[in-house]
Amino acid sequence: MDHPTDSTAMVAAISGALADPGPEDRELLASIVRVARAIFGAAASSIFLFDREHDELVFEAVSGEGEDFLVGTRFPAHRGIAGWVADTGEPMTVDRLAGDGLFAQDLAERTGFVPDAIMAAPVMHRDEVLGVIQVLDPHHQSRSSLSDLDLLTAFAAQAGLALAGLVRSRAARGALALGGGEFAQLAGIVRLLAELPEDRRASGLRLVDSLHEVLAGMVR
């Protein structure tokens, strides 16, 4: 993934970060995995971010087994059930993981918990796979239920909004770090927009989006 070094990319990243503040998105992701774990009666639930730059899946939120230490842990992006879901963009349920050809037991052992069953769905935003949501050892009635897999996909849709917000927030911080003092004025605009009342912030963001479109046209 290319680093956003020009002002066009930076304006886009900053406006996206303002629209979806990182801390709120992280709390939403944590809430999603907690609720998913409870609804499916699972031993654990987690959300991965697909880090394309490093070709890895990264734990962004965990509830249940491993929640105290797994956030931030990385695994190869194209292995295991989660890797298959990230590659194909299709949900999947496996009620007997032992002997399943896609299951990467060595990766599961690295988490300290080897499940017997899994349900997983792609986390998407604007037709792009951003990551994967999974529940481990769900209740037996959920393991072969298409309606429950549809429900997990609905959870994934909500996670997509939050995960997209985190990605934009991180891109904005990276853009400002790369730009240094040259983009100090943009940082000031960001702060001013953030301080606006919510009803006026939308108008400010529309101005930023309009500027983004103009600058994007200039570099085409």
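Helices (H or I, at least four residues) and strands (E, at least two) are DSSP runs, numbered from the N terminus. With that in hand, let's look at an open sheet of six strands, a helix called H3 and two buried residues, phenylalanine 48 and glutamate 60. This is a predicted model, where local features need pLDDT of at least 70, side-chain atom pairs count only at pLDDT 80 or more, and totals for chains, interfaces and linings use all residues. Residues are numbered from 1 along each chain as its sequence is written, and side-chain values use heavy atoms, with hydrogens and water left out.

**The sheet**

- The six strands run in the order E3-E2-E1-E6-E5-E4, with antiparallel pairing; two strands pair if DSSP finds at least two bridges between them.
- Strand E3 (74-76) and E4 stand at the edges with a single partner strand each, so one side of each has no neighbour in the sheet.
- On average, neighbouring strands of this sheet are turned by 25 degrees against each other, direction ignored (axes are lines fitted to C-alpha atoms, for helices over the stretch in contact, and angles run from 0 to 180 degrees between N-to-C directions).
- Three bridges join E2 and E3 in the antiparallel sense.
- Leucine 57 has phenylalanine 75 in E3 as its bridge partner.

**Helix H3**

- In helix H3 (residues 80-88), the buried residues are Gly80, Ile81, Ala82, Gly83, Val85 and Ala86; buried means under 20% relative accessible area, exposed over 50%, and partly exposed in between (1.4 Å probe, protein chains only).
- These buried residues pack against strands E1 (44-51), E2 (56-64), E4 (92-94), E5 (118-125) and E6 (128-136).
- Glycine 89, just after H3, takes a positive phi of about 70 degrees.

**Phenylalanine 48**

- You will find phenylalanine 48 in strand E1.
- Phenylalanine 48 counts as buried because its relative accessibility is 5%.
- Leaving aside neighbours within four places in sequence, its contacts (heavy atoms within 4.5 Å) include Leu57, Phe75, Ala82 and Leu130.
- From C-alpha to C-alpha, phenylalanine 48 and valine 123 are 8.5 Å apart in space, while in sequence they are 75 residues apart.

**Glutamate 60**

- Glutamate 60 sits in strand E2 and is buried, with a relative accessible area of 6%.
- Its side chain makes a polar contact with the side chain of arginine 26 (3.2 Å). A polar contact is a pair of N or O atoms within 3.5 Å; within protein, one must be able to donate a hydrogen and the other to accept it, and residues adjacent in sequence count only if both atoms are side-chain atoms.
- Not counting residues up to four places away in sequence, glutamate 60 also touches residues including Leu29, Ile47, Leu163 and Arg170.
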